[in-house]
Every structure is written in C-alpha cells, then in structure tokens.
Number of protein chains: 2
Amino acid sequence: MEDGLQNLCPNTSHNWSFAARPSKNARERLMRAASYLFCNHGFAATGIDTILARAETAKATLYNHFASKEELIAAVLQAEGETWREWFFGRLAQVEGSARDRLLAVFDVLQDWFADPGFYGCPFINAVAEFDTGNDAVRRAAALHKEHLITWLKAQAIELQAKDVAEVARSFAVLIDGAIVAAQHSRDPEFARNAQVLAALYLDNLTAQARP
Amino acid sequence: MEDGLQNLCPNTSHNWSFAARPSKNARERLMRAASYLFCNHGFAATGIDTILARAETAKATLYNHFASKEELIAAVLQAEGETWREWFFGRLAQVEGSARDRLLAVFDVLQDWFADPGFYGCPFINAVAEFDTGNDAVRRAAALHKEHLITWLKAQAIELQAKDVAEVARSFAVLIDGAIVAAQHSRDPEFARNAQVLAALYLDNLTAQARP
DNA sequence: GACAAAATGGACCAATCTGTCTTGATCTTT
DNA sequence: AAAGATCAAGACAGATTGGTCCATTTTGTC
C-alpha cells in the first residue's frame with residue numbers, strides 16, 4: 001500500500017526526491033528504497049533488511065556497493081540533496097524578472113514542495129535532528145547542502161546591490177528553514193506564504209534604505 | 001566526561017531542560033537520564049540499557065514506572081516541554097513594556113537558549129523529524145507544545161490590535177522555527193538576531209497599516 | 001562459446017534490542 | 001520490631017540489528 005508513493009512521483013514535475021526516479025541496476029534500486037525508507041521512517045529506525053526487501057536485492061549486493069549502513073546514509077543524503085537542488089534551482093531559473101522576483105519565487109517553489117503528498121520535510125534537517133551529536137559526516141553533508149543554498153542566495157543579494165550580502169542570505173535561510181519545519185509539522189503548505197510576506201517586507205526595507 | 005552537562009545547568013537561569021534538574025527518586029533519575037540521552041543522541045538510537053546505566057537504576061525499576069519505551073519517550077517529551085515553557089514564558093513575563101516589546105524579546109530569550117553549550121535544538125522538532133510517519137503520539141505532543149506557543153503569540157497579537165491575529169502567530173512561528181533550526185545547524189546563536197530584525201519589520205508594517 | 005566480473009539467495013554470526021522475571025537488599029510506615 | 005513497598009542486580013527470552021561468507025547464477029566481453 002505504501003508502495004504507491006514511489007510510483008506516484010516519477011515523470012511529474014515534482015521529482016525533487018531521489019526516491020522518485022526510474023530504477024535500473026541494483027545500486028539504484030537500493031538507493032531508491034533506502035531514500036524512501038530513511039526519509040519517511042527515519043535513519044536509525046530503518047533496518048538493512050527492510051531496505052533489502054523493498055529493493056528486492058540481496059544483502060551481499062548492498063555490501064558490494066556500500067561499505068556500511070553509514071556509507072549508505074551518506075550516499076542517500078548526497079543523492080537526495082543533488083536531486084532536490086536540481087529541481088529547486090531549475091524551477092527558480094525559469095523565473096523571469098529581477099533578483100527580487102527570484103528571491104520571492106523561492107517560496108512559491110517551496111509551497112509546491114510542501115504540497116506534494118510525499119513531502120516529509122528536509123532530509124538534512126531531519127538527519128541532523130536525528131544524529132546531531134556524533135555523526136559528523138551527516139552534519140557536514142547538511143552544511144554542504146546549506147552552503148549551496150547560501151551561495152545562490154548571496155548571488156541574488158549581490159544582484160540586488162545589498163549592503164550586507166551575508167545577512168540577506170542568513171535572513172532568507174531563517175525564513176526557508178522556518179517554512180519547511182512549520183509546513184512539515186502542520187502539513188499546511190500555506191506557511192510558505194507567511195514566509196514570503198516576511199521576505200517581501202525585508203526586501204522592501206532593504207531597497208528603501210539603499211536608495212534614501 | 002559527558003556527565004558534565006547534567007551538573008552544569010541546575011540552579012542557573014538556564015534550566016530550560018528537564019535533564020538539568022536536581023534528582024530525587026529513581027523515577028526522576030530515569031527521566032533526567034532519558035531526557036539527556038534522547039535529546040542528545042536521538043530517540044531510536046538510545047537503548048534502554050544506556051538509560052539505565054546513566055540513571056544508575058535497575059531495569060525492573062524502569063518498567064515499574066513506565067510501561068514501555070514509547071511511554072518513556074512520551075513522558076520525557078511532556079516534561080521537557082513543560083520545563084521549557086515555564087522557563088521561556090517566565091523569561092518573557094519579566095519583560096516590561098508593550099506587547100511589541102514582548103514579541104521582540106522572544107528572540108532575545110531564544111538567543112540565550114541557543115547560546116547554551118548544551119543546546120540541542122527543539123526536542124519536538126527533533127522528535128517529529130525522527131518519527132514523522134507512524135508515531136502519532138509524538139506528533140500530537142509536538143502539536144500540543146506548538147499550540148501553547150501559538151496561544152501566547154495570539155494573545156500578544158490581540159494586545160497589538162492586529163487585524164489577523166492568527167496570521168501574526170503563524171508568521172512568528174515561522175521565524176521561531178527557522179531561528180531554532182538555523183542555530184542548531186550552524187551552532188550560531190546570532191540567527192536569533194536575524195529573526196528579530198524580520199519580526200521588527202513585520203510588526204512595523206502591521207501597525208503602519210493599522211493606522212493609515 | 002569461454003571466461004571473468006558482478007549479482008544473487010540465504011545461511012550464519014555476534015551483538016544488541018525491548019521486555020520479563022527472580023532474588024535479596026534497603027527503606028518507610030504502622 | 002513487623003510488614004510492605006521500593007529498590008538494585010542481573011539472568012533470561014525472543015526478536016532484530018548490522019555485517020560476513022559462500023555457493024550459485026547471471027551478465028558482459030573477447
């Protein structure tokens with residue numbers, strides 16, 4: 001019954017999850033199964049055997065491709081992040097207009113993400129929440145992912161001729177993280193709108209004080 | 001060595017964690033140990049035996065007080081939330097001034113929270129991130145906790161004579177969640193400042209359009 | 001068609017998981 | 001002092017964990 005999700009997303013415009021992509025060889029089947037289970041049921045809570053059953057794969061095959069469960073988690077996070085960023089920045093690249101339009105469009109794209117029935121929050125936020133202390137690989141993967149986002153945000157801020165580019169990126173990071181968590185907890189995609197309103201006010205204030 | 005944390009906080013102003021409170025009977029020792037371990041190493045990743053060792057308690061004693069690990073988790077979340085809210089709203093109650101001052105002070109208090117060396121993020125955000133699908137008790141506990149926060153925020157919004165009280169609360173929820181997650185990931189308490197700036201802009205805009 | 005590499009199923013291992021139960025020691029209440 | 005609850009210590013059960021190993025089958029390449 002829960003298999004429905006994996007066949008729901010592919011070939012739609014919502015393929016932000018690595019788990020929702022066509023399979024080929026054993027490695028990809030493993031990655032897809034692990035992505036789905038890790039993200040939906042937690043990393044520690046998902047056992048190797050469950051992944052094997054879902055991927056219809058033998059245990060030896062898994063350990064031929066990945067040295068350990070930790071490595072599998074790292075691979076899943078990396079792939080999941082890559083797929084998501086391709087989708088996210090791809091959507092934003094289609095936005096015609098100024099950097100301001102693009103920055104505000106962030107929350108439109110986020111809302112589409114939140115509205116997907118398979119939305120389970122940000123894998124990196126969830127992973128850090130689960131491991132935090134200890135697993136440094138997970139923390140580093142999350143930091144890298146966020147770095148990509150920050151870089152993009154800073155580029156827009158530069159185009160806006162903002163005085164403090166880093167602060168713009170930090171403020172948007174707060175809004176994005178907040179929207180993700182609020183939407184995840186309430187299952188209400190409309191939190192993206194609240195974040196967007198705050199972002200618009202912030203940008204208005206920014207340009208107002210830049211041109212007095 | 002990691003025992004340092006549990007003896008660091010009690011009798012300071014930072015006793016927002018249930019784990020940082022003087023122990024008495026076995027039940028409280030269990031709760032303190034479970035709080036610390038669950039919050040710092042994850043719920044699923046923390047085994048019963050680890051809790052027993054830290055609480056210096058026998059297994060039978062645990063199961064005399066709690067029917068299962070799930071129930072222990074629920075008890076920990078409830079206690080952790082209660083302690084945190086007492087600390088948080090207590091601090092805010094000391095703020096002299098208008099509702100606006102109190103709403104902005106939220107982020108000063110948050111920053112103090114973030115700056116604590118034992119800060120591990122919000123237990124409810126972390127728990128939902130770990131369980132999400134499945135464990136409904138956890139989701140409900142998190143929803144209840146957030147409801148307390150929303151209620152307080154709405155009360156302030158009413159005092160502000162805001163038009164849409166619920167929207168004010170939602171916007172602040174985004175800012176609070178975002179600050180928590182950003183601070184947790186980066187270990188940088190200054191994200192509270194970014195959220196505060198956004199909140200100030202929002203409130204300014206609110207009162208400006210209320211009195212045209 | 002021959003041969004090497006990769007994938008497979010599944011037995012198997014040691015460790016750990018939650019939870020039960022027993023036995024004595026310690027404490028409180030009457 | 002007697003009675004009864006509470007406690008620590010740990011053996012134990014049954015299931016599950018991550019991980020290894022091997023014999024077999026499939027696959028791709030010359």
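A residue counts as buried if 20 or more other C-beta atoms lie within 10 Å of its own, as exposed if 12 or fewer do, and as partly exposed in between. The legends below describe a predicted model.

**Figure 1. Glu167(B) sits in helix 8 of chain B.** Helix 8 covers residues 165-186. Glu167(B) has 17 C-beta neighbours inside 10 Å, so this residue counts as partly exposed. Ala157(B) is 10 residues away from Glu167(B) along the chain. The C-alpha atoms of the two are separated by 9.2 Å.

**Figure 2. Chain A is built from helices, with 0 strands.** The secondary structure comes to 9 helices. Along the sequence the pattern reads α-α-α-α-α-α-α-α-α. Chain A has 212 residues, and 41% of them count as buried. Among contacts in chain A with a separation of 6 or more, 56% join residues 24 or more positions apart.

**Figure 3. Both chains contribute residues to the surface near DNA strand C.** There are 16 residues around the strand. Those that come nearest are Ala26(A), Ala58(A), Ala60(A), Thr61(A) and Gly47(B). Three elements give two or more residues each: helix 3 (59-65) of chain A, helix 2 (48-55) of chain B and helix 3 (59-65) of chain B. Helix 3 of chain A provides the largest share, 4 residues. Sorted by class, this surface has 6 nonpolar, 6 polar and 4 charged residues.

**Figure 4. A span of chain A carries a "DNA-binding region" annotation in UniProt.** The record is an unreviewed entry and places the feature at residues 47-66. In the model, this span of chain A is 75% helix and 0% strand. Its end C-alpha atoms lie 15 Å apart.

**Figure 5. Helix 1 of chain B runs from residue 26 to residue 41.** The helix has 16 residues. From first C-alpha to last, helix 1 reaches 22 Å, close to the 22 Å expected at 1.5 Å a residue. Gly42(B) follows the helix, and the phi of this glycine is positive, near 95°.

**Figure 6. Helix 1 of chain B has buried residues covered by other helices of chain B.** The buried residues include Leu30(B), Met31(B), Tyr36(B), Leu37(B) and Phe38(B). Arg32(B) and His41(B) are also among them, as are Ser35(B) and Cys39(B). The cover over these buried residues includes helix 2, helix 3, helix 4 (69-93) and helix 6 (123-131) of chain B.

Notes
Residues numbered from 1 in each chain as written. Chains lettered and ligands numbered in written order. Predicted model: local features only at pLDDT ≥ 70, side-chain atom pairs only at ≥ 80, totals over all residues. Contact = placed C-beta atoms within 7 Å. Near = placed C-beta within 6 Å. Nonpolar A, V, L, I, M, F, W, Y, C, P; charged D, E, K, R; others polar. Expected span 1.5 Å × (residues − 1). UniProt positions renumbered as here; feature names shortened; annotations may be inferred.
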